[in-house]
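Here's a quick tour for anyone meeting this structure for the first time. Take a look, then read on for a pocket, a little sheet and some aromatic neighbours.

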Amino acid sequence: MAKKVNAAADKYYKSLLGKATISNIKKSIQYHLLTNQGRDPQRAGSDDVYRALAHTMRDLLVEKWISTQKAYYDKHQKRVYYLSLEFLVGRSLGNNAINLGLLDEVSAAVHELGYELEDVRENEEDAALGNGGLGRLASCFLDSIATLKIPAYGYGIRYEYGLFYQKIIDGKQVESPDNWMRGGCPWEFQRANYLFPVHYGGRVNSYLDGNGHSRCEWVETEDVMAMACDMMIPGFNNDHVVNMRLWTARSSREMDLNSFNQGNYLEAVHSKVTSETISKVLYPADNNPKGQELRLKQQYFFVAATFQDILRRFKKKHASFNFLPDKVAVQLNDTHPAIAIPEFMRLLMDKEGLSWEHAWYISVRTFAYTNHTLMPEALETWPVELLGRILPRHLEIIYEINHRFLEMIAEAYPGDQSKLQDLSIIDEGHGRRVRMAHLAIIGSHSVNGVAELHTHLLETRIFPAFYELYPWKFNNKTNGITQRRWLLKCNPGLSELISDSIGHDWVTDLDKLRGLEPFVNQPSFQQQWQQVKYDNKRELAELILKQCNVVVNPESMFDVQVKRIHEYKRQLLNCLHGISLYLRILEDPDSVAVARTKIFAGKAAPSYYQAKLIIELINGVADVVNNDPRIGDKLKIVFIPNYNVSRAEVIIPGADVSEQISTAGTEASGTGNMKFALNGALTVGTLDGANIEIREEVGAENIYIFGMTAEEIESEKIHLSRSPQQICDENPHVAAILETLTAGVFCHGNRDYFKDIVASLLDPQDPYLLLADLESYLDCQDKVDQDYRETEKWTQKAIYNVARMGKFSSDRTIKEYARDIWGLDV
């Protein structure tokens, strides 16, 4: 029977997709319309065609994935497991068609069916599996992993709902559910045969085994089942496909029949509903106990299922765990998966019978940890009470890890109680909490930052005691982005110009972009470059009109800041510059020589009051500026709602200026800065994160840097040179900017509406030092205006930015991970 099934499948592949011709793709779409969707091909709509096309592409992907998996086993390759609570995939159709080398064939096949590919692609929902840079980085890494043919898997959670769908109503952010899965996901395979139990609660029973060794078992637990859902990620033109395995929660009991028969219908399905809540929503609010509990359960849910899957795969071919670190590498993408360390120890000791020493030796050699934050509040901790109640066995293991570690510290630093307190996994000073970053550092053989400055600050400011103890563990891996999505796909006009000029090799070797430098001074090349940018700006202007109902001029400078709304990212600083321009135009229209369109986008966490207030201020300023006839086209300000990957793919190619203006020493790396520069936008930024390395690569003359350095920021916080009030007293223009806020200019005369923003700006202890950097920022923006007027000079700077972005490919980053951390040859 199996042979017949395989033969039928083989016949299908050969007849419909044997050569992936236009005709075969068209036949496959028609086949899937009938068999998967039950639709008459002659009556199908655009959404039907999208789903049939997605299934067609998935057929190709899974065939290549099976071949890839067989090669892993045949070559006995070491596997990499990339654990991330987020994967911000975006849309898959266009990216998959490009990486499979079938974009032209797919477009032609769809056209012959009476549709245009661009229209069909609009039916795909962005996969809401992440929030921001962390999740987008993970997706870029999977693209590079597949392109470099690294034997690896991504593991995460299949969230049914994303963070939220953002609407702007009366200037305010309004959140509604982001139900991206409501129509199903045609790209995934639900693997009901890969179903693993995940345990919570219960108690720990200690006993002696047959050899007299002390053992533990975790009993009387509440159980949830984790079911695997796979999405295929293709490499570029290389027949190599990896999979992103996402776990979805399923109840261990579908229904309590006794309750149902007694008429208690809600109680009968209570267990199912409660269990399956675990994978419902990305990042449940953790400002309440229930939200904290759910987030901890989410983190354990996906690592528990993942490690059962890892060990299942490993034990297929290996009888001894001694070989495991030579065959398995686990990368923890931030602290969210750090509970994997005690979970792995539990499995090795309680299930496989290894001693503590043997299990710990294997575990440390297996794990590596990437830190992504310099913000102390973002270094994850869990209350001991909560962790002990939800995961009692894991708390025991964490205590034992900590006990053995502190014994070593006490021996190395006799009598140094403060050293013990600083390094302990348990923070005794804040209501007893488990410091997950400490657990990740102690339990991993590698700890890396994601930009040179970030790594330096980890070693000297955030974890200096750990760096003193384990200097060999710390290393830097500057982030990168995949040029396949962030240039080839999102900017086809520029991609075509580049390829026509220097060939196509840059798609897999971004350093080849250096070949553009001889074209910098060629007038004909500059004109083509300018035309591509103008066309992209027109497309962005159409998006703005559709989403914001504001007409903007593509001839104006498009000044863009799109990212998560947070005080340290300083959207407020950018908004103050908008107010400054408004006041200057009112006072003297000729004082602002360059028409500018300021474009904002990004989401604020639902419980983050100040960030949401900043969104209101931006929209309040926009409402006044855009409707003031005295301003005309000199200045427009817009806030594009519901920022996601698909909108980024329109916004980034159309940008002239990229705002990367975080307080120095707060941004770990940033990858938006790289995406904008790769698409020819010039950076206005502080010496923070990867901005420093971008300046080193593109040249100081091709980037606009302002503000204090990280060292100067730290010094200023200790010894304030000028208070915010002094700055206002000494600079009438800055005082006038703040006066618009206190006078209610942007909130219909309500003088108190933005008082909390004014208070934060005038606070001598403002941790983000907005007014301290404002004057430098305004001067920098004047320089931007001056240079933008010189079209030839500006174009040359833009070309240099693109030509010198080779370092910032995620291919380079992944090669470094593979070589330095995972022990792989690439």
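Let's start with a lining: the second largest pocket is walled by 15 nonpolar, 8 polar and 4 charged residues. Here Ala, Val, Leu, Ile, Met, Phe, Trp, Tyr, Cys and Pro count as nonpolar, Asp, Glu, Lys and Arg as charged, and the others, Gly among them, as polar. Keep in mind that this is a predicted model, where local features need pLDDT of at least 70 and side-chain atom pairs count only at pLDDT 80 or more, while totals for chains, interfaces and linings use all residues. Residues are numbered from 1 along each chain as its sequence is written, and side-chain values use heavy atoms, with hydrogens and water left out.

**The second largest pocket**
- About 620 Å³ of space lies inside (a volume is the space filled by probe spheres set on grid points, which are joined across faces, edges and corners).
- A pocket is an open set of points on a 1 Å grid over the protein atoms alone, where a 1.4 Å probe fits, with protein on both sides within 12 Å along at least five of seven lines; lining residues have an atom within 4 Å of a point.
- Of its 27 lining residues, Asp170, Gly171, Asn619, Gly620 and Asp623 lie nearest the centre.
- Helix 25 gives the most to this lining, with 7 residues (helices are DSSP runs of H or I, at least four residues, and strands are runs of E, at least two, numbered from the N terminus).

**A three-stranded sheet**
- One open sheet has 3 strands in the order 12-14-13, with antiparallel pairing (strands pair if DSSP finds at least two bridges between them).
- Strand 12 (381-383) and strand 13 (426-427) are at the edges with a single partner each, so one side of each has no neighbour in the sheet.
- Strands 12 and 14 (residues 433-435) share 3 bridges, and proline 383 faces arginine 433 in strand 14.

**Aromatic rings**
- There are 27 aromatic pairs (rings of Phe, Tyr and Trp, the last by its six-membered ring, with centres within 6.5 Å; planes under 30 degrees apart are stacked, over 60 edge-to-face, the rest tilted).
- Tyrosine 82 and phenylalanine 141 have ring centres 5.9 Å apart and planes at 75°, so they pair edge-to-face.
- That pair joins strand 1 (residues 79-83) to helix 7 (residues 133-147), 59 residues apart.
- Both tyrosine 82 and phenylalanine 141 are buried (under 20% relative accessible area with a 1.4 Å probe, protein chains only; over 50% is exposed, and in between is partly exposed).
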